[in-house]
Amino acid sequence: MSKAVREIKLACRNVWKVYGRRPAYYFDSRGYIIEPDVLAERLRAEAHLPAVVDATFEVATGEIFVIMGLSGSGKSTLVRCLSRLVEPSAGEILLDGRDLSKVSGKELIELRRHAMGMVFQNFGLLPHLTILGNVAFPLKIQGKPVKEREARAREMIALVGLEGRETSFPHQLSGGQQQRVGIARSLAVGPELWFLDEPFSALDPLIRRQMQDEFLRLQRMLQKTIVFITHDMAEAFRLADRLAIMRAGKIVQIGRPADIVLNPADDYVAQFTEDMPLLRVIKAGDLAAPANGATMPDESVAAGASLEDLIPRLASGIGAFTVPGEGASPPRLLGAGSVLAVLEREQKRRTRL
Ligand SMILES: Nc1ncnc2c1ncn2[C@@H]1O[C@H](COP(=O)(O)OP(=O)(O)OP(=O)(O)O)[C@@H](O)[C@H]1O
Ligand SMILES: [Mg+2]
């Protein structure tokens with residue numbers, strides 16, 4: 001994440017989702033005072049399923065916040081709680097500071113139609129509508145005139161690179177193309193908040209990478225606030241500004257990719273992230289230190305460059321780099337020593353495997 005201070009677009013505070021016979025029994029109106037792990041244990045012992053356990057996080061405007069975890073860890077339930085497609089058992093969801101549990105059903109539908117975009121794993125296209133019809137569909141629901149909605153739909157179709165396929169039907173497109181249609185459709189209403197639940201997991205690896213690139217390209221243009229769900233570690237690390245790791249309903253760690261690989265919260269996270277190449281995940285900006293009046297080296301490197309990209313320059317004998325500050329922040333220093341320390345750490349991980 002680059003910008004220093006950003007507004008909070010979406011906040012999730014102590015959110016629980018419990019499935020079972022009488023989840024409400026465990027949460028009174030004053031909120032729970034019991035320790036979350038203890039309550040989750042008790043729920044399990046009493047034939048309830050705590051699908052989301054005390055989730056608290058904030059997503060800044062323009063941020064890509066990735067939620068990852070194994071199958072069944074509660075990711076989809078959590079993202080559905082964020083739009084109240086699933087009603088949380090306890091906790092608060094704040095959109096632009098506004099408590100979503102207090103908005104009426106009608107208002108909520110309006111918010112979902114205008115302020116939120118959603119993309120799901122199984123594409124969810126309407127088979128009897130053309131690509132144009134599918135992408136224009138949410139605008140039809142909004143009651144927009146035909147001309148306006150078709151113009152907007154064509155624009156979105158071009159945005160995802162499907163110009164010329166407007167009159168095709170979904171079954172005539174490949175999986176990757178169908179998912180592009182899903183993306184175009186979710187963007188048609190111009191949502192500020194974009195929820196994507198494993199949008200690329202049905203795609204084969206090569207197409208998947210292309211879609212990730214495409215997604216990052218779109219995000220650079222559109223600057224949405226994004227909650228992106230995946231169980232693919234490489235995808236999570238590639239896309240995330242910050243990520244949350246879930247295990248059995250609970251968020252066990254939240255951090256930037258570099259924080260997570262450098263300081264895993266527990267053995268679970270450490271094991272989970274073991275295969276992520278440190279030199280690729282960690283960026284120059286993650287290691288750079290304040291200059292404290294030192295003379296700045298002539299060689300410079302962007303904060304977003306991976307350590308991997310620096311290796312050839314270090315090998316050619318360069319001992320330190322200037323990392324230019326973003327906005328008004330001052331430039332910082334990156335010494336060869338800190339890069340080598342990461343290299344050593346990676347070496348140790350590899351020999352342990
Ligand atoms: N409507 C429901 N009723 C009862 N249990 C449910 C319901 N929906 C989800 N669950 C349970 O909640 C837990 C979390 O499910 P969820 O779909 O959120 O997992 P997930 O992390 O999205 O998994 P995946 O990666 O497979 O999509 C699972 O144990 C699931 O069986
Ligand atoms: Mg899921």
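Here are a few exercises on this predicted model, each with a worked solution.

**Exercise 1. The whole chain**

Find out how many helices and strands the protein chain has, and decide how its radius of gyration relates to the globule rule.

*Solution.* Start with the elements: the protein chain has 14 helices and 13 strands. Next, take the radius of gyration, which is 23 Å, close to the 20 Å that the globule rule gives for 353 residues, so the chain is as compact as a globular protein of that length. Then look at the outline: along the principal axes, the C-alpha atoms fill a box of roughly 65 × 55 × 40 Å. Turning to the inside, 35% of the 353 residues count as buried. Finally, consider contacts between residues at least 6 apart in sequence: 69% of them join residues at least 24 apart.

**Exercise 2. The two sides of helix H1**

Work out which residues of H1 are buried and which exposed residues sit on the face turned away from them.

*Solution.* First, locate the helix: H1 spans residues 36–45. Its buried residues include Leu39, Ala40 and Leu43. Seen down the axis of H1, the buried residues fall within an arc of 100°, so they line one face of the helix. Now ask what this face meets: the buried residues of H1 pack against strand S1 (8–19) and S2. On the face turned away from the buried side you will find the exposed residues Asp37, Val38, Glu41 and Ala45.

**Exercise 3. Two residues with positive phi**

Ala47 and Glu198 each have a positive phi. For each of them, say where it lies and whether it is buried or exposed.

*Solution.* Begin with Ala47, which follows H1 and belongs to the loop between that helix and S2. Phi of Ala47 is near 60°, a positive value in a residue other than glycine. A residue with 12 or fewer neighbours is exposed; Ala47 has 8 C-beta neighbours inside 10 Å, so it counts as exposed.

Move on to Glu198, in the loop between strand S7 (193–197) and helix H7 (205–222). Here phi is near 45°, again a positive value in a residue other than glycine. The cut-off for buried is 20 or more neighbours; Glu198 has 21 C-beta neighbours inside 10 Å, so it counts as buried.

**Exercise 4. Around ligand 1**

List the residues around ligand 1, then sort out which elements supply them and what kinds of residue they are.

*Solution.* Read off the shell: Tyr19, Leu49, Ala51, Gly69, Ser71, Gly72, Ser73, Gly74, Lys75, Ser76, Thr77 and His231. Two elements give two or more residues to this shell, strand S2 (49–60) and helix H2 (75–82). The largest share, three residues, comes from H2. By kind, the shell divides into three nonpolar, eight polar and one charged.

**Exercise 5. Arg180 in its surroundings**

Determine whether Arg180 is buried or exposed, and which residues it touches beyond those up to four places away in sequence.

*Solution.* Place the residue first: Arg180 is found in helix H6 (residues 175–187). Count next: 24 other C-beta atoms lie within 10 Å of Arg180, so it is buried. Leaving aside residues up to four places away in sequence, Arg180 touches Val160, Gly161 and Leu162. As a last step, compare positions along the chain and in space: Arg180 and Asp267 are 87 residues apart along the chain, and their C-alpha atoms are separated by 37 Å.

How values were computed
Residues numbered from 1 in each chain as written. Chains lettered and ligands numbered in written order. Predicted model: local features only at pLDDT ≥ 70, side-chain atom pairs only at ≥ 80, totals over all residues. Helix = DSSP H or I, 4+ residues; strand = E, 2+ residues; numbered from the N terminus. Contact = placed C-beta atoms within 7 Å. Rg over C-alpha atoms; globule rule 2.2 N^0.38 Å. Near = placed C-beta within 6 Å. Nonpolar A, V, L, I, M, F, W, Y, C, P; charged D, E, K, R; others polar. Arc of directions from axis to C-beta.
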